[in-house]
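I am opening a notebook page on a structure that I have not looked at before. I will go from the whole chain to single residues and write down what I look up.

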Amino acid sequence: MSEDPDIDDLERRMNGAIEALKREFAGLRTGRASTSLLEPLTVEAYGSEMPINQVATLGAPEPRMLTVQVWDRSNVKAVERAIRESALGLNPASDGQLIRVPIPELSEERRTELARVAHRYAEQARVAVRNVRRDGMDKLKHMERAGDLSQDEQHLWSEEVQELTDRFVKEIDSAVDVKESEIMQV
């Protein structure tokens with residue numbers, strides 16, 4: 001084959017989607033309260049969307065309580081709103097610049113809701129993997145048009161990209177199944 005498309009780059013980017021999914025899943029803790037629960041949240045502060053850990057310090061002083069120490073008093077309402085409007089079903093209470101976030105005991109309804117959130121995260125990861133696949137396929141078509149690949153080579157590389165995509169989608173599916181069973185476990 002004349003010039004190989006960068007399959008390693010596609011694999012690295014798909015791995016990035018898996019790593020992001022694992023970080024999001026870490027925030028869906030079922031037992032003890034964890035600051036990773038709030039880390040994916042963004043806050044409208046200083047005229048832009050910022051990660052919550054760039055405007056506040058997150059803490060877990062008790063097993064069923066998170067604290068958010070907001071650095072700038074003007075951002076307290078925005079942080080509180082971001083927590084309340086997240087899909088996490090939490091009800092924060094502010095006390096000056098400290099926001100207390102009680103973690104409710106998981107009811108069957110709450111477990112189902114968390115499982116839905118896990119499925120939503122998994123779908124975002126699948127979409128990211130498919131976007132990487134599309135980029136790879138577009139590059140292959142471009143290389144074929146430019147004369148860098150023959151039609152047969154382009155077809156073989158396309159199959160390899162598809163197999164890579166299928167492998168990563170399968171990995172996402174198994175990760176969401178594991179997380180769902182962890183969430184639903186009483």
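The entries below follow the order in which I looked things up.

**Entry 1: the whole chain.** I note at the outset that this is a predicted model. I looked up the secondary structure and found four helices and six strands in the protein, which, when I read along the sequence, follow the pattern α-β-β-β-β-α-β-β-α-α. I then turned to the overall dimensions: the radius of gyration of the protein is 21 Å, where a compact globule of 186 residues would have one near 16 Å. Taken along the principal axes, the box filled by the C-alpha atoms is roughly 65 × 40 × 20 Å.

**Entry 2: surface and contacts.** I looked up the accessible surface, which comes to about 10400 Å², and I see that 48% of this belongs to carbon and sulfur atoms. Buried residues account for 40% of the 186 residues. For the contacts between residues at least 6 apart in sequence, I wrote down that 63% join residues at least 24 apart.

**Entry 3: helix H2.** Which residues of H2 are buried? I found Val76, Ala78, Val79, Glu80, Ala82 and Ile83, and I note that the charged residue Glu80 is in this list. When I asked what the buried residues of H2 pack against, the answer was strand E1 (42–45), E4, strand E5 (93–95) and strand E6 (98–102).

**Entry 4: Asn75 and Tyr46.** I next looked at the loop between strand E4 (65–70) and helix H2 (76–85), where Asn75 lies. Is Asn75 buried or exposed? Asn75 counts as buried because its relative accessibility is 4%, and the cut-off for buried is under 20%. Leaving aside neighbours within four places in sequence, I found Asn75 in contact with Ala45, Tyr46, Val55 and Val70. One of these partners, Tyr46, has its place in the loop between E1 and strand E2 (48–51). Tyr46 has a relative accessible area of 56%, so I entered this residue as exposed, the cut-off for that class being over 50%. I also looked up the phi of Tyr46, which is near 55°, a positive value in a residue other than glycine.

**Entry 5: the largest pocket.** I looked for the largest pocket and found about 160 Å³ of space in it. The lining consists of Glu24, Leu37, Pro40, Leu41, Thr42, Ser86, Ala87, Leu88, Val117, Arg120 and Tyr121, which I sorted into seven nonpolar, two polar and two charged residues. Which helix gives the most to this lining? Helix H3 (residues 108–145) does, with three residues.

**Entry 6: Leu149 and Asp9.** I went on to Leu149, in the loop between H3 and helix H4 (151–184), and recorded this residue as buried because its relative accessible area is 4%. I also looked up how far Leu149 is from Leu38, and their C-alpha atoms, 111 residues apart along the chain, are separated by 47 Å. Asp9, which I found in helix H1 (residues 7–26), has a relative accessibility of 23%, and so counts as partly exposed. Between the C-alpha atoms of Asp9 and Thr112, which are 103 residues apart along the chain, I noted a separation of 36 Å.

How values were computed: Residues numbered from 1 in each chain as written. Predicted model: local features only at pLDDT ≥ 70, side-chain atom pairs only at ≥ 80, totals over all residues. Heavy atoms only, no water. 1 Å grid on protein atoms, 1.4 Å probe; cavity = no way out; pocket = protein on both sides within 12 Å on 5 of 7 lines; lining within 4 Å. Points joined across faces, edges and corners; volume = space filled by probe spheres on them. Helix = DSSP H or I, 4+ residues; strand = E, 2+ residues; numbered from the N terminus. Rg over C-alpha atoms; globule rule 2.2 N^0.38 Å. Buried < 20%, exposed > 50% of the residue type's maximum accessible area, 1.4 Å probe, protein only. Contact = heavy atoms within 4.5 Å. Areas by Shrake-Rupley, 256 points an atom, 1.4 Å probe, with all protein chains shown as cover.
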